[in-house]
Amino acid sequence: MGNLKSVALPLLLAVSIMHLPFSESLWFFNYHIHVTNDLPLLNSPPGKPNLFLGCKSKNKDIGERAMVKGQDYTWDTKINFAQTTLFFCNARWEGRKRRSFDAFVANRDDRRCSVYHMSCMWSVREDGIYFSPNNASWFNEYPW
Ligand SMILES: *[C@@H]1O[C@H](CO)[C@@H](O)[C@H](O)[C@H]1NC(C)=O
């Protein structure tokens with residue numbers, strides 16, 4: 001029992017971390033944000049990008065990417081201490097539609113994006129930009 005102190009402290013730490021409210025343990029997690037081009041090709045050739053997507057936060061600009069059908073634009077983020085992390089995107093479907101949307105908002109997404117591999121899943125489709133909490137059921141959160 002001489003070693004009680006060296007066991008007790010880490011144990012106490014571990015137990016108190018497990019009991020932190022969810023929102024206070026967020027800074028542990030790395031979230032993955034995925035945006036997939038699921039637009040129909042219509043008249044455009046398959047190898048030619050038909051979606052242009054630019055995303056940024058206050059501190060980080062991921063840049064604009066030209067995406068072909070099926071391509072996945074992905075990046076990671078942690079939630080800042082103030083829980084104000086926000087990634088904003090502009091999507092342009094060549095010659096057809098434009099839409100801006102929030103790809104990650106700390107207090108909107110902390111829970112729903114922790115369901116499936118810490119991932120926020122977005123799918124850009126003919127009628128809008130869909131979100132999925134599980135990469136299986138999809139909801140048109142930002143109609144064009
Ligand atoms: C989501 O599901 C599709 C198949 O339905 C799969 O190809 C893709 O890799 C999955 N994405 C992730 C990030 O798991």
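This is a guided walk through the chain, from its overall layout to its sheets, disulfides, a few residues and the ligand.

The model is a predicted one, in which local features need pLDDT of at least 70 and side-chain atom pairs count only at pLDDT 80 or more, while totals for chains, interfaces and linings use all residues. Residues are numbered from 1 along each chain as its sequence is written, and side-chain values use heavy atoms, with hydrogens and water left out.

Let us begin with the overall layout. The chain has two helices and nine strands; here helices (H or I, at least four residues) and strands (E, at least two) are DSSP runs, numbered from the N terminus. Read from the N terminus on, the elements follow the pattern α-β-β-β-β-β-β-α-β-β-β. Of the 144 residues in the chain, 35% are buried, where buried means under 20% relative accessible area, exposed means over 50%, and partly exposed lies in between (1.4 Å probe, protein chains only). Contacts, meaning heavy atoms within 4.5 Å, tell us something about the fold as well: among those in the chain with a separation of 6 or more, 51% come from residues 24 or more positions apart.

The strands are a good next stop. Strands of a sheet pair through backbone hydrogen bonds, either parallel or antiparallel. In this account, two strands pair if DSSP finds at least two bridges between them. One open sheet is formed by four strands in the order β3-β2-β5-β6, with antiparallel pairing. Its edge strands are β3 (61-67) and β6 (97-105), each of which pairs on one side only. From one strand to the next, the twist averages 15°; for such angles, axes are lines fitted to C-alpha atoms (for helices over the stretch in contact), and angles run from 0 to 180 degrees between N-to-C directions. Within this sheet, β2 (residues 51-56) and β3 are paired in the antiparallel sense over six bridges, and Lys-56 stands opposite Asp-61 in β3.

Five strands form another open sheet, ordered β4-β1-β7-β8-β9, and here the pairing is mixed. Strands β4 (72-77) and β9 stand at the edges with a single partner strand each, so one side of each is left without a neighbour in the sheet. Direction ignored, neighbouring strands of this sheet are turned by 25° against each other on average. Strands β8 and β9 run antiparallel and are joined by four bridges.

Now for the covalent cross-links. A disulfide is a covalent bond between the sulfur atoms of two cysteines, and it is identified here as a pair of cysteine sulfur atoms within 2.5 Å. The structure holds two of them. Cys-55 and Cys-89 form one, with sulfur atoms 2.1 Å apart. Cys-55 lies in strand β2 and Cys-89 in strand β5 (residues 86-93), so this pair ties together parts that are 34 residues apart in sequence. The torsion about their S-S bond is about 110°, so the disulfide is right-handed. Both Cys-55 and Cys-89 are buried.

Cys-113 and Cys-120 form a disulfide too, with their sulfur atoms 2.1 Å apart. This disulfide is right-handed because the torsion about the S-S bond of Cys-113 and Cys-120 is about 110°. Cys-113 counts as buried because its relative accessibility is 0%, and Cys-120 is buried with a relative accessible area of 0%. If the bonded cysteines of the chain are numbered in sequence order, the pairing reads 1-2, 3-4.

Back in the five-stranded sheet, Ile-129 is worth a look. Ile-129 is found in strand β8 (residues 128-132) and stands opposite Tyr-142 in β9. Its relative accessibility is 0%, so Ile-129 counts as buried. Not counting residues up to four places away in sequence, Ile-129 touches several residues, including Ala-91, Phe-101, Trp-122 and Glu-141. Another residue that Ile-129 touches is Arg-99; the two are 30 residues apart in sequence and 8.6 Å apart in space, C-alpha to C-alpha.

Glu-141 has its place in strand β9 (residues 139-143). Its side chain makes a polar contact with the side chain of Arg-112 (3.0 Å). A polar contact is a pair of N or O atoms within 3.5 Å; within protein, one must be able to donate a hydrogen and the other to accept it, and residues adjacent in sequence count only if both atoms are side-chain atoms.

Our last stop is the ligand. The residues around the ligand, with a heavy atom within 4 Å of it, are His-34, Tyr-116, Met-121 and Asn-135. An oxygen atom of the ligand is 2.7 Å from an N or O atom in the side chain of Tyr-116, and for the side chain of Asn-135 the corresponding distance from a ligand oxygen atom to an N or O atom is 2.3 Å.
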